[in-house]
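Let's walk through this one a piece at a time, with the coordinates open beside the text. Have a look at the fold before reading on.

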Amino acid sequence: MNDPTRASDPTAFLATVPLFHGAPARALEVAASVVRSRRFEPDTVLFREGDTGDALYLLAEGLVKLSKVDLGGHEKTLALLQPPEFFGEMALLGHATRSATAVALSHVSTFLLYRDDFQRLLTAYPTVSLNLTTTLANRLRGMDDEAQVLSYKDAPGRVAYVLLRLYRSGVVELDAGGALVRLTHQDLANLAGTSRETVTRALKALEAEGVIVTRPKEVTIVDAEGLEEVLHGVR
Ligand code: CMP
């Protein structure tokens with residue numbers, strides 16, 4: 001979703017970012033005066049897991065993938081982010097290194113908020129601190145849910161969970177036929193923490209249930225409720 005005002009009017013854009021929801025106008029003005037605009041081409045690495053981090057990223061346009069390499073050397077996709085989300089705050093909290101790699105999956109436009117400015121905003125504006133804590137709590141809740149699904153569900157359940165997460169977070173294109181997910185089987189495997197072959201078999205099973213339709217490099221969710229039923233084992 002590209003909105004030209006996002007890149008050209010930082011204050012209006014910042015007001016939409018969850019970090020600044022309900023924050024006083026002064027907090028937005030201060031943030032807008034210190035952020036730096038940065039654009040990235042598709043497939044560019046914004047930063048890598050293990051790098052030292054000096055800035056938080058506010059995503060104004062495009063799609064960003066956050067991923068880690070697991071102990072077996074496989075990529076695990078943690079999240080696909082779109083505007084107006086933010087990321088890259090963890091390395092600024094307690095001088096840790098980047099916990100994941102961030103890659104631009106399309107043309108990406110961001111605003112960078114550097115460590116000292118971020119910390120000054122957190123200290124001066126409790127709303128901003130509370131919003132940060134809320135985001136971290138939501139992320140932890142999401143990871144707890146995912147850990148349950150990935151440990152206890154069979155392959156169709158895991159893939160159903162991943163598709164529903166993409167559906168709910170809006171990383172889909174809606175049309176009359178359903179919600180289109182433009183990802184390869186390998187992309188879905190990286191999200192589900194499983195192999196490409198397992199995803200291919202699981203997608204066939206979900207298609208036979210009539211809840212999705214598959215085509216090369218895309219999956220259309222035609223029955224989100226049915227997908228939910230597969231996830232909860234009632235179908
Ligand atoms: P940081 O560690 O600075 O760089 C990687 C970023 O990825 C991290 O900050 C968070 O903003 C983000 N991140 C890490 N883990 C997750 C997760 N499980 N879900 C969503 N975002 C994450």
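What follows goes from a sheet to a pocket, and then to a hairpin further along the chain.

Keep in mind that this is a predicted model. A good place to start is the open sheet of 4 strands, which has the order E2-E7-E4-E5 with antiparallel pairing. Its edge strands are E2, residues 45–47, and E5, residues 75–81, and each of them pairs on one side only. On average, neighbouring strands of this sheet are turned by 30 degrees against each other, direction ignored.

Now zoom in on the pair formed by strand E4 (residues 64–69) and strand E7 (residues 101–104), which run antiparallel and are held together over 4 bridges. If you want to get the register right, Val64 stands opposite Ala104 in E7.

Strand E7 also contains Val103. Is Val103 buried or exposed? With a relative accessible area of 16%, Val103 falls under the 20% cut-off, so it counts as buried. The C-alpha atom of Val103 is separated by 6.1 Å from that of Asp43, although the two residues are 60 apart along the chain.

Asp43 itself deserves a look. You'll find Asp43 in the loop between strand E1 (36–40) and E2, and its phi is positive, about 70 degrees, even though the residue is not a glycine. At 64% relative accessibility, Asp43 is over the 50% mark, so Asp43 counts as exposed. The pair Val103 and Asp43 thus joins a buried residue to an exposed one.

Back to the edge strand E5, and on to what comes after it. In the loop between E5 and E6 sits Pro84. A cis peptide bond joins Pro83 and Pro84, with omega at about 0 degrees.

Next, the largest pocket. How much space lies in it? About 1,300 Å³. The lining has 40 residues, and the closest to the pocket's centre are Leu78, Ala79, Leu81, Arg139 and Arg165. Elements that give two or more residues to this lining are E4, E5, strand E6 (86–87), helix H5 (126–152) and helix H6 (155–169). Which of them gives the most? That's H5, with 11 residues. In terms of chemistry, the lining divides into 21 nonpolar, 8 polar and 11 charged residues. The lining also draws on both domains, taking at least three residues from each of domain 1 (4–149) and domain 2 (153–231).

Further along the chain, strand E12 (residues 218–221) has partners on two counts. Strand E10 (residues 178–181) pairs with E12 in the antiparallel sense over 3 bridges, while strand E11 (residues 212–215) runs antiparallel to E12 and is joined to it by 4 bridges. Ile221 in E12 takes part in both pairings: it is the bridge partner of Ala179 and of Ile212.

In a regular strand, side chains alternate between the two faces of the sheet. In E12, Glu218 and Thr220 lie on one side and Val219 and Ile221 on the other, and all of them are buried, so both faces of the strand are covered.

Finally, the turn. E11 and E12 form a hairpin with 2 residues between them, and Lys217 is placed in that loop. Lys217 is another residue other than glycine with a positive phi, near 60 degrees. Its relative accessible area is 61%, so Lys217 is exposed.

Definitions and conventions
Residues are numbered from 1 along each chain as its sequence is written. This is a predicted model: local features need pLDDT of at least 70, side-chain atom pairs count only at pLDDT 80 or more; totals for chains, interfaces and linings use all residues. Side-chain values use heavy atoms; hydrogens and water are left out. Two strands pair if DSSP finds at least two bridges between them. Axes are lines fitted to C-alpha atoms, for helices over the stretch in contact, and angles run from 0 to 180 degrees between N-to-C directions. On a 1 Å grid over the protein atoms alone, a cavity is a set of points where a 1.4 Å probe fits but cannot get out, and a pocket is an open set with protein on both sides within 12 Å along at least five of seven lines; lining residues have an atom within 4 Å of a point. Grid points are joined across faces, edges and corners, and a volume is the space filled by probe spheres set on the points. Ala, Val, Leu, Ile, Met, Phe, Trp, Tyr, Cys and Pro count as nonpolar, Asp, Glu, Lys and Arg as charged, and the others, Gly among them, as polar. Domain bounds come from an automatic or database domain assignment. Buried means under 20% relative accessible area, exposed over 50%, partly exposed in between (1.4 Å probe, protein chains only).
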